[in-house]
Amino acid sequence: MQTIDVQIKTGELARFHLLYGEEPYMVRYYKNKLKTTLSREGDDMNASFFEGDSIPLEEVASLGQTLPFFAEQRLILMENTGLFHSSNDAADMLAGFPDSTYVVFVEKRVDKRNRLYKWVQKNGCVTECAPQSEKDLVPWAATYLKRHGKSCSRRTLEYGLSKIGFQMDRIITELDKLIGYTGERTEITEADVDAICSGQTVGKIFDMIDAVIAGKNELVFRLYGDLLELKEPPPVILHLLGRHINILLQIKETGTAMPDRDVAKKIGVPYFTVKKYKSQAAHFSRRLLLSLLEQRADSEERFKTGRLSEKLVAELFLLQALKKVQKLKKSQ
C-alpha cells in the first residue's frame, strides 16, 4: 500500500485510514487533507463525524452501508474511539461496507496487536505521525518563513530549534512571533531569536543528561517538571531523550580526531552544540548508551501497547537511566 503522501498527491486514496502518533500537527494535517479530499464543506448528507469512546457502532454500521447522495463517496471520520485498544467487531463491520464508503480513524495511540489495527494495516493505510527530526524540521521551517516573505540562515534556524524544541505547533507559534516582530525586515537573525523565542526544551534535555551523569536525582526530576510546564508531553520527552542519547552514541563512534564542523555535518546537529555533546559522551561507554537506547525503545513499545501510562513512560526511563549510570560509576 502506498504511503499517505503518495496517495494524497495522486488522489488514489485507500478506503480505510488510521492516523495516530506523538506529533499532533502532522496528525491534524493529514486528517484535514483527507477530510477536504473526501467531503465537501457543509455536506452533512455524505460526511459523518464521531468522537469519543462511546461511539454508537450500530449507527456507524448503518451509515457505512448507505450509498452516497449525489456524491461519489461517503466519509465517516472517527476520533479517539479506543477501538484500537479493545476487543471489538469493528473490522467485520468495515469489511461489509460498499466501495463508496471511506473511513478515517484518528487516535492518540494504538495497540499494534489489536485485531482492528491489523485489519486496517492489511486493507487500508496506517500512518504513524512521529516527532520529526531536526534534519526535516529545518527546511520545513524555512519553507514556512518563505511563504510569509521571510528568510533565515540554516545556522539561525538550527539555533532557533535548539531553543524552541521540536514540536511543530510550538515552532509555528514561535515563527509567527518572529514574523510579526521583524515587521518589514525580511531577514531573521539570531538576535531576533534571542529577543522573541523563550523556549528552553533542548537546553533542559542537555541539563537533564548532565544531572544524570552527576547522579543528581532531584535535579533530573525538577528539570523534567520544567518540561511538563513547557507543555511537552511525556512521550515527546522520552523521544527527545532517545534522540539525545543516539547523538551521544554517534559522537562516541566518530572518535576525537574528526573536526567539530565535520562531526556536525555527519551527524546533523548544529556546529555550536558539538563540544557539549562530546563532553557528555565522554562520561558514557558505548555499551551503556546502547543499553539506554534499548531501554527507551522498550519503554516506548510498552506505552504504545497500553502497558505503560503516558504519565509513567518518561519517569520510569529516567529512574532506570539513573540507576544504570550510578551502577556503572560504582563499578569503576
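A residue counts as buried when its relative accessible area is under 20%, as exposed when that area is over 50%, and as partly exposed in between. These cut-offs help in reading the present structure, which is a predicted model. Arginine 302 offers a good place to start: its relative accessibility is 24%, so this residue counts as partly exposed. Glutamine 167, by contrast, has a relative accessibility of 12% and therefore counts as buried. Both residues are taken up again below, once the overall picture is in place.

The protein is made up of 332 residues, and 49% of them are buried. Its secondary structure consists of 16 helices and seven strands. Along the principal axes, the C-alpha atoms occupy a box of roughly 70 × 55 × 35 Å. The accessible surface amounts to about 17,000 Å², with carbon and sulfur atoms contributing 51% of that area. When contacts between residues at least 6 apart in sequence are considered, 74% of them link residues at least 24 apart. As for charge, the protein carries 49 positive and 45 negative charges, and the mean positions of the two sets lie 8 Å from each other.

Turning to individual elements, one pair of helices can be followed in some detail. Helix H13 spans residues 260–267 and helix H14 spans residues 274–281; their axes approach within 10 Å and cross at roughly 85°. Because of this angle, H13 is roughly perpendicular to H14. On the H13 side, the residues that meet the partner helix are Asp260, Val263 and Ala264, while H14 contributes Val274, Lys275 and Lys278.

Arginine 302 belongs to helix H15, which covers residues 286–304. With residues up to four places away in sequence set aside, arginine 302 touches Arg307, Leu308 and Leu316. Valine 313 lies 11 residues from arginine 302 along the chain, and the C-alpha atoms of these two residues are 8.2 Å apart.

Glutamine 167, the buried residue introduced above, sits in a loop rather than in a helix: this loop joins helix H7 (154–164) and helix H8 (168–182). What does glutamine 167 contact, once its neighbours within four places in sequence are left aside? Its partners are Glu23, Lys231, Glu232, Pro233 and Val236.

Technical notes: Residues are numbered from 1 along each chain as its sequence is written. This is a predicted model: local features need pLDDT of at least 70, side-chain atom pairs count only at pLDDT 80 or more; totals for chains, interfaces and linings use all residues. Side-chain values use heavy atoms; hydrogens and water are left out. Helices (H or I, at least four residues) and strands (E, at least two) are DSSP runs, numbered from the N terminus. Buried means under 20% relative accessible area, exposed over 50%, partly exposed in between (1.4 Å probe, protein chains only). Contact means heavy atoms within 4.5 Å. Accessible areas come from the Shrake-Rupley method with a 1.4 Å probe; for residues, only the protein chains shown count as cover. Lys and Arg count as positive and Asp and Glu as negative; His and the chain ends are not counted. The place of a charge is taken as NZ of Lys, CZ of Arg, CG of Asp or CD of Glu. Axes are lines fitted to C-alpha atoms, for helices over the stretch in contact, and angles run from 0 to 180 degrees between N-to-C directions. Angles under 35 degrees count as roughly parallel, over 145 as roughly antiparallel, 65 to 115 as roughly perpendicular and the rest as oblique.
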